[in-house]
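Q: Hi! Could you walk me through this structure? I'd like to begin with any empty space shut inside.
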Amino acid sequence: MKTESIKELLTGEKVLQEVKVKGWIRTFRSNRFIALNDGSTIHNIQCVVDFENTEEEILKQLNTGAAISVTGTLVESQGKGQSVEIQVKELKVLGIANPEEYPIQPKKHSLEFLREKAHLRVRTSTFSAVMRVRSALSFAVHEYFNKNGFYYVNTPVITGSDAEGAGEMFRVSTLDPKNPPLTEENEINYKEDFFGKETNLTVSGQLEAETYAMGLGKVYTFGPTFRAENSNTSRHLAEFWMIEPEVAFLDLDGNMDLAEDFIKYVIKYALDNCKDDLEFLENRLLQEEKTKPQAERSDMTLTEKLHFVLDNNFKRVSYTEAIDILKNSKPNKKKKFNYIIEEWGADLQSEHERFLVEKHFKAPVILFDYPAKIKAFYMRQNDDNKTVRAMDILFPGIGEIVGGSQREERYDVLLDKVKAMGIDEKELWWYLELRKFGTAQHSGFGLGFERLVLFATGMTNIRDVIPFPRTPQNAEF
Ligand code: 4AD
Ligand code: MG
C-alpha cells in the first residue's frame with residue numbers, strides 16, 4: 001500500500017478510504033490520540049488508537065519522537081482542531097525514542113537549547129516551518145532568474161583571490177602545519193602546497209560571475225560563501241549562502257530595479273506558497289513579542305512586515321543624503337547611537353541602517369554612491385573621484401540585506417585602484433583582462449540568503465535559519 005503524505009491527507013479528499021502514513025509522534029495523549037507529523041506540513045494528523053486491542057508493549061512505545069507506520073481509515077473528525085483523522089487499524093513502531101533520553105519533549109524549548117540539538121531541532125514546528133520556507137525561497141530564487149533569462153553559473157568554492165579585499169578568508173591547504181616547507185626567506189612555501197599557491201574558501205563568486213556575464217549576458221550564482229570575520233552577531237555566519245546576479249550592459253539604476261523586483265518576487269512567492277508555515281511563524285512571533293518590554297516590541301506582524309516590502313517602493317537615497325539625515329537625527333544628537341556619526345566618510349553600522357529604514361523613511365531603503373574608501377576595489381568610480389557606484393539595500397530588523405555595485409569597466413582606472421589598495425595585480429590578471437577585451441558597463445549584487453530567510457520567517461537569530469550554523473568557536477555537526 002502506498003504511503004501518503006499528511007499534507008495530502010489533510011485535504012480530506014481521501015475520506016472513508018484506507019490510508020497509510022509514516023511519521024514521528026509529536027504527542028500521545030489519553031492512551032488514544034497520536035499527533036503525527038511527517039514533515040510535509042506544519043499540521044499533524046490525529047491518529048486514533050484502539051487501545052483496548054493494542055498490546056501494552058506497543059502502547060508503551062508510543063512516545064514523543066518515535067517513528068511509526070499507521071494504516072487505517074481516514075474519517076471526518078469528531079473532535080475539535082482537525083477536519084480529518086485516522087481510525088488506526090494497524091500500527092507499527094519503526095523506531096522508538098526513549099523519553100528519558102529524547103530531548104525534544106512536547107513543551108516550549110528555548111532556541112538556544114535547540115541550537116545545541118541541531119540534529120533534532122527540525123522535528124519541532126518552528127524549525128520545520130523555517131526550513132520549508134527556506135526551501136520555498138530557494139526555489140523562488142531559481143524560478144525568478146530562470147523566468148528572466150538568467151543562466152545559473154557555479155563559481156569555484158576554492159579560489160586564489162580575495163574578492164572583497166577584506167582579508168577575511170579561510171585558508172585551504174594540505175601542507176603539514178607542524179612541518180611546512182619553507183622558502184629561503186624562512187616563510188611558508190606555498191609553491192609546494194596542493195595548488196602551488198595560496199588558496200582560500202571564496203568570500204564571493206562575483207569576480208568569476210563577472211567573467212561569465214561578459215559572455216552569457218545575464219548570470220547568477222547561488223552557493224556557499226565563507227568569511228572568517230570574528231562577528232558574533234545575530235546577523236553574521238562564517239558560512240552563508242549568497243545569491244549573486246551579474247548583468248552585462250546594466251548600470252546602477254538598472255541594478256536597483258533588478259534587486260527590488262527580485263526581492264519582491266521571492267517574498268511574494270513565500271506569501272503565496274507558504275501560507276500555513278507563515279501563519280504559524282506569525283503567531284510564534286506574536287508570542288515572542290509579548291515577552292519583550294513595550295518599547296522594543298515591533299508594531300508589525302510578520303505578514304505586515306512582508307507586505308511592507310511588497311507594497312512600498314524602496315526609497316533610493318544617496319550616502320551623502322543619508323549622512324546628513326543621520327547627523328541631524330535625535331539618537332545621534334542625544335548620543336544614543338553606539339557609533340556617533342560625525343562626518344562624511346563614516347561607515348554605517350546596523351543601528352544607523354535600521355534607523356533610516358524603521359524610523360526615518362519607514363520603507364526599505366537603497367543607499368547608493370558610497371565613499372570609495374569604505375567600499376571594495378571593483379566598484380565604478382564616480383566623476384567626483386570620491387564616491388563609487390555602490391548600493392546597499394537596507395531592511396527593517398535586518399539592516400543590510402544586499403550589497404552591490406556597478407563595476408569599474410575601465411582598465412586604467414581599475415588598475416590604479418588595485419595598486420592603490422595594495423592588491424597583488426598578478427593575482428587578478430584575468431579579472432583585469434576582462435577590461436581589455438570587449439569591456440562594457442556591467443553591474444550586479446549579492447543577497448545574503450540567510451538574511452532573506454531571517455526576514456521572511458520573522459526569526460531573530462541567523463543561526464536559526466540555516467540547518468547547521470558555522471560561527472566563531474562553533475562547527476558542531
Ligand atoms: O556586501 P557583501 O560583502 O557583497 C559582496 O560580497 C559582493 N561581492 C556582492 C556582489 O556585488 N556580487 O555581501 C553581500 C550580502 C550582504 O549584503 C549580506 O546580506 C550578506 O551578503 N552577508 C552575510 N550574511 C551572513 N553572514 C555574513 N557574515 C555575511 N556577510 C555578508
Ligand atoms: Mg556589504
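Q: So, which residues line the largest cavity?
A: Happy to help! The lining of the largest cavity is made by Thr-159, Ser-161, Ala-163, Thr-202, Val-203, Ser-204, Leu-207 and Glu-208. Keep in mind that this is a predicted model.

Q: How many nonpolar, polar and charged residues is that lining made of?
A: The lining holds 3 nonpolar, 4 polar and 1 charged.

Q: And how much space lies in the largest cavity?
A: About 40 Å³. The structure has 1 cavity of 30 Å³ or more.

Q: Let's turn to the ligand. Which residues come nearest to ligand 1?
A: There are 24 residues around ligand 1, and the nearest of them are Glu-164, Gln-206, Arg-227, Glu-244 and Glu-400.

Q: What does Ser-204 do there, as far as distances to ligand 1 go?
A: An N or O atom in the Ser-204 side chain sits 3.0 Å from a nitrogen atom of ligand 1. Ser-204 is also one of the residues lining the largest cavity.

Q: Nice. Which backbone atoms lie close enough to list, say for Leu-237 and Val-402?
A: For Leu-237, a backbone N or O atom is 2.9 Å from a nitrogen atom of ligand 1. For Val-402, a polar backbone atom is 3.5 Å from an oxygen atom of the ligand.

Q: Switching topic: where is Arg-389 found?
A: Arg-389 is part of strand β14.

Q: Buried or exposed, and why?
A: Arg-389 counts as buried because its relative accessibility is 18%, and the cut-off for buried is under 20%.

Q: What does its side chain pair with?
A: The side chains of Arg-389 and Asp-369 are joined by a polar contact of 3.2 Å. Leaving out residues up to four places away in sequence, Arg-389 also touches others, including Leu-252, Phe-368, Arg-380 and Gln-406.

Q: Does β14 turn up elsewhere? I mean, what covers the buried residues of α8?
A: The cover includes β14 (387-395), along with α6 (252-273), α7 (275-290) and α14 (449-457).

Q: And which residues of helix α8 are buried?
A: In α8 (residues 302-311), they are Leu-302, Lys-305, Leu-306, Phe-308, Val-309 and Leu-310.

Q: Last one, zooming out: how many helices and strands does the protein have?
A: The protein has 14 helices and 16 strands. Of its 477 residues, 50% are buried. The C-alpha atoms fill a box of roughly 85 × 55 × 45 Å along the principal axes. Among contacts with a separation of 6 or more, 68% are between residues 24 or more positions apart.

Conventions: Residues numbered from 1 in each chain as written. Chains lettered and ligands numbered in written order. Predicted model: local features only at pLDDT ≥ 70, side-chain atom pairs only at ≥ 80, totals over all residues. Heavy atoms only, no water. Buried < 20%, exposed > 50% of the residue type's maximum accessible area, 1.4 Å probe, protein only. Helix = DSSP H or I, 4+ residues; strand = E, 2+ residues; numbered from the N terminus. Contact = heavy atoms within 4.5 Å. 1 Å grid on protein atoms, 1.4 Å probe; cavity = no way out; pocket = protein on both sides within 12 Å on 5 of 7 lines; lining within 4 Å. Points joined across faces, edges and corners; volume = space filled by probe spheres on them. Nonpolar A, V, L, I, M, F, W, Y, C, P; charged D, E, K, R; others polar. Near = heavy atom within 4 Å. Polar contact = N/O pair within 3.5 Å; in protein donor to acceptor, adjacent residues only side chain to side chain.
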